[in-house]
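Biologist: Hi, have you got a minute to go through this one with me? I'd like to start with charged pairs and then move on to cavities.

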Amino acid sequence: MHRSAVVELLVDAGRAVVTKKNSKICVVTGSRADYGLLKSPMARIRECEGLTLQLVVTGSHHSKTYGESRDIILADGFCIGADVPLSDRVVSPLDMAQDAGVALQGMAQALSRLQPDLVLLLGDRYEIFATATAACLLNIPLAHLCGGDLTTGAIDDALRHGISKMAHLHFPSNEDAARRLKQMGEADERVFTIGSPGLDAIREMTFAGRAAVFNELGLPQSDRLYLVSLHPETLSVRPVADQVESLCQALSSLDPDIALVLSGSNADAGGVEISERLEAFAQTRSRAVFRRNLGHDLYLNVMRQAAMVIGNSSSGLYEAPSFKAPTVNVGRRQDGRLKAASVIDCHGDDESIGRALDKASALDCRDVINPYGDGRAAEKLVDVLTGITDYRALLDKPFVDREFV
């Protein structure tokens, strides 16, 4: 179904088109978060006859502050075609804006050298927005994963929509997102709902046992484990220090026998401050550990063992429902995003978080259905890509005017 739609889109009537062999698909990853979602599509592209995987690594992957996740990419067996390093430490909005400029220049050079047939991006980060801009200005066709979502509490929301308007193919994770893309003037035949590729990794992974996970974390085994991941609310007027302090206050009231795994924050303004506070908090509890970067596989292994996921990471919405774990979604960062019945929203103050923790601890999630697909997103993505006979034809992009009542 996907393949025929794209072929129909790209083949001019009465003109024979020869399928392009070894089409170069350039995937760009800027953080541990998007890499975890891109890992399965990258592997599928690399294995597919007729497609050649190119990989550009940028963003926080090179940073010691955020755990140097570039090493994880290499350990997973992927070859890196180009590196575009950014700042080691992002503290302010000015740092983010300046890094976006560095990323635009570096990506323009990398893409000009690699000459891909298609650039494949995921999400909404500022370095990914810069990459989309470079591809657009270089007239390189662009495919976008996970567009059409809403996260109205973060700057990422505007960046995601901007990337979508520069993109020529869309792979949203759900039908609501697909509808929004069409509202933005994107043609029906260029929008393919494939689900979240993060679920592919869950379906394909061989998970470690509980004892092995606790041993890897250096934690004494406990009956209950909570996974905590907090990132800055980049559109909030509330200081970052208040956001993380409220969470720490709520966590401090938990039973001391509960094991807490606290993950480092991302490379947004305020992320360093959050990580430093979470690390200090972990030192106050005997059954808590802070890891600046858990890595994709360990993160999913921890989530599989978790009785609860706490914070404002998209993983609490995308992946946690597949493990039948409740999510306490703190604050406004994920406002507007599709949520399973296992997700409990709460305000960012400690009392609201505490009430949500109590509610989540009593929630039965055994029958929860993950709304983000069936774990076969990469397969569907590659089916579309291999059906394209002329990538350059994608550049002729229509805007579809729609009537609304």
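Biologist: Which side chain does R292 meet in a salt bridge?

Modeller: Happy to help, and keep in mind that this is a predicted model. R292 pairs with the side chain of E279, at 3.3 Å from N to O. R292 sits in the loop between strand 9 (288–291) and helix 12, while E279 is in helix 11, so the bridge ties together parts 13 residues apart in sequence.

Biologist: And how exposed is E279?

Modeller: E279 is partly exposed, with a relative accessible area of 30%. R292 also counts as partly exposed, at 29%.

Biologist: What does E245 pair with?

Modeller: E245 meets R277 in a salt bridge, 2.7 Å from N to O. E245 belongs to helix 10 (residues 240–252) and R277 to helix 11 (residues 271–282), so this pair links parts that are 32 residues apart in sequence.

Biologist: How many salt bridges are there in the whole structure?

Modeller: The search finds 21. Among the residues involved, K39, D76 and D297 are linked in a network.

Biologist: OK, switching to cavities. How big is the largest one?

Modeller: The largest cavity has a volume of about 700 Å³, and 37 residues line it. S31, A33, D34, S313 and S314 lie nearest its centre.

Biologist: Which helix gives the most to that lining?

Modeller: Helix 2 does, with five residues.

Biologist: What classes of residue make up the lining of the largest cavity?

Modeller: There are eleven nonpolar, 17 polar and nine charged residues.

Biologist: And what is the volume of the second largest cavity?

Modeller: About 60 Å³. Its lining has 13 residues, with G59, S60, D99, Y126 and A267 nearest the centre.

Note on methods
Residues numbered from 1 in each chain as written. Predicted model: local features only at pLDDT ≥ 70, side-chain atom pairs only at ≥ 80, totals over all residues. Heavy atoms only, no water. 1 Å grid on protein atoms, 1.4 Å probe; cavity = no way out; pocket = protein on both sides within 12 Å on 5 of 7 lines; lining within 4 Å. Points joined across faces, edges and corners; volume = space filled by probe spheres on them. Helix = DSSP H or I, 4+ residues; strand = E, 2+ residues; numbered from the N terminus. Nonpolar A, V, L, I, M, F, W, Y, C, P; charged D, E, K, R; others polar. Salt bridge = Lys/Arg side-chain N within 4 Å of Asp/Glu carboxyl O. Buried < 20%, exposed > 50% of the residue type's maximum accessible area, 1.4 Å probe, protein only.
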